[in-house]
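Visitor: I'm new to this one, and I'd like a close look at a single part: the place where the two chains meet. Could you walk me through it and what lies around it?

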Amino acid sequence: MNLIRWKGNSLLDPVREMERLQDEINRLFDFDRGESGIGLFDRAESPAIDVVEREDNYLVMCDLPGVGLSDLDVSAANNVLTIKGEKKGSRSTKGAKVYRTETWEGTFQRTVSLPSGIDSARIQAELSNGTLAVTVPKREEDRPKRIAVKVM
Amino acid sequence: MNTKELETTDKAVRYNRPLGRISEEEDGVVLLRLEMPGVPKEGLTIDIDGDLLVVTGAKTEQPDSGRYLVRERPRYHFRRTYTLDETVDRNRIDAELSNGVLTVSLHLKEEVKPRKIEVKGR
């Protein structure tokens, strides 16, 4: 039995092929790739994150499919948020036939440098449907304040 | 970009391809695991259209306010299509979602399973 990935109708589209080739060449020369926000001990295979700045907090979201609560460790020290753990969800039993693997497994670590002015004591983390959401509140005094201007 | 914005500005809805793993852990059952973080049970649809197995996972709403400082996660809903061959029993397909990983169990038809033939000695 084989599961064959559907290639769509683009197989014979020369324009698409050229674009793909160009993308690949561009990627070869992307030397500065991966420099931004990757910590020293972070592995190459690390989960993708989003960092969103909101009015009174920062939201760090991390895709961790197949990672249970017990395999996950989130810590914050000196304005550095560390997400680490082990992804072992899809390890197969002995003697299993594996047809195709695109997923990775193993330990991972991801560090995020947070700006100053955060309240590290009130950081909250929540894992749901394989997505980790860490809410980092800004300190009260660092939030933007609205100053009412009176018209005389 | 949140999903609401996506629907109005992008007429042809784009999808991200979830990463998968296909294995046969026990004889006759092929497991298709797809990583779809952020997709709740309600957002998931699995369609069998003839020979096509179409898996679509709609993510829960992204935060609509705020400014993205880092954006690496796939931003669209997930969709992936596979072709099933005639050995898969269309009536026995189970699916399970846990921790953002969807496991689809595809049972093979009885007649295509390898049968062991006893060799009798005399």
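Guide: Let's start right at the meeting place: 37 residues of chain B and 37 residues of chain A take part in the contact, where two residues count as in contact if their C-beta atoms, placed from the backbone, lie within 7 Å. Before going on, a word on what you're looking at: this is a predicted model, in which local features need pLDDT of at least 70 and side-chain atom pairs count only at pLDDT 80 or more, while totals for chains, interfaces and linings use all residues. Residues are numbered from 1 along each chain as its sequence is written, and chains are lettered from A and ligands numbered from 1 in the order in which they are written.

On the chain B side, β2 (19-26), β3 (29-35), β6 (67-71), β7 (77-83) and β9 (101-108) each bring at least two residues to the surface that touches chain A. Helices (H or I, at least four residues) and strands (E, at least two) are DSSP runs, numbered from the N terminus. The largest share, 7 residues, comes from β2(B). Sort that side of chain B by type and you get 17 nonpolar, 10 polar and 10 charged residues. Here Ala, Val, Leu, Ile, Met, Phe, Trp, Tyr, Cys and Pro count as nonpolar, Asp, Glu, Lys and Arg as charged, and the others, Gly among them, as polar.

Now follow β2(B) across to the other chain. Strand β6 (residues 97-101) of chain A pairs with β2(B) in the antiparallel sense over 4 bridges; two strands pair if DSSP finds at least two bridges between them. To spot this pairing on screen, find A:Val98, whose bridge partner in β2(B) is B:Ser23.

That pairing belongs to an open antiparallel sheet of 5 strands, in the order β6(A)-β2(B)-β3(B)-β9(B)-β8(B). β6 of chain A and β8 (88-98) of chain B are the edges; each has a single partner strand, so one side of each has no neighbour in the sheet. On average, neighbouring strands here are turned by 15° against each other, direction ignored; the axes are lines fitted to C-alpha atoms, for helices over the stretch in contact, and angles run from 0 to 180 degrees between N-to-C directions. Further along the sheet, β3(B) and β9(B) run antiparallel and are joined by 7 bridges, with B:Arg33 standing opposite B:Thr103 in β9(B).

Some of these strands also feed a nonpolar core, meaning a set of buried Ala, Val, Leu, Ile, Met, Phe, Trp, Tyr and Cys residues joined through C-beta atoms within 7 Å. A residue is buried if 20 or more other C-beta atoms lie within 10 Å of its own, exposed if 12 or fewer, and partly exposed in between; C-beta atoms are placed from the backbone. The largest core has 17 residues, and B:Val30, B:Leu32, B:Leu34, B:Met36, B:Leu102 and B:Leu106 touch the most other members. β3, β5 (52-57), β7 and β9 of chain B each give two or more residues to this core. Take B:Leu34: leaving out residues up to four places away in sequence, B:Leu34 touches B:Pro18, B:Gly20, B:Val55, B:Arg80 and B:Leu102.

Stepping back, chain B has 1 helix and 9 strands, and buried residues make up 25% of its 122 residues.
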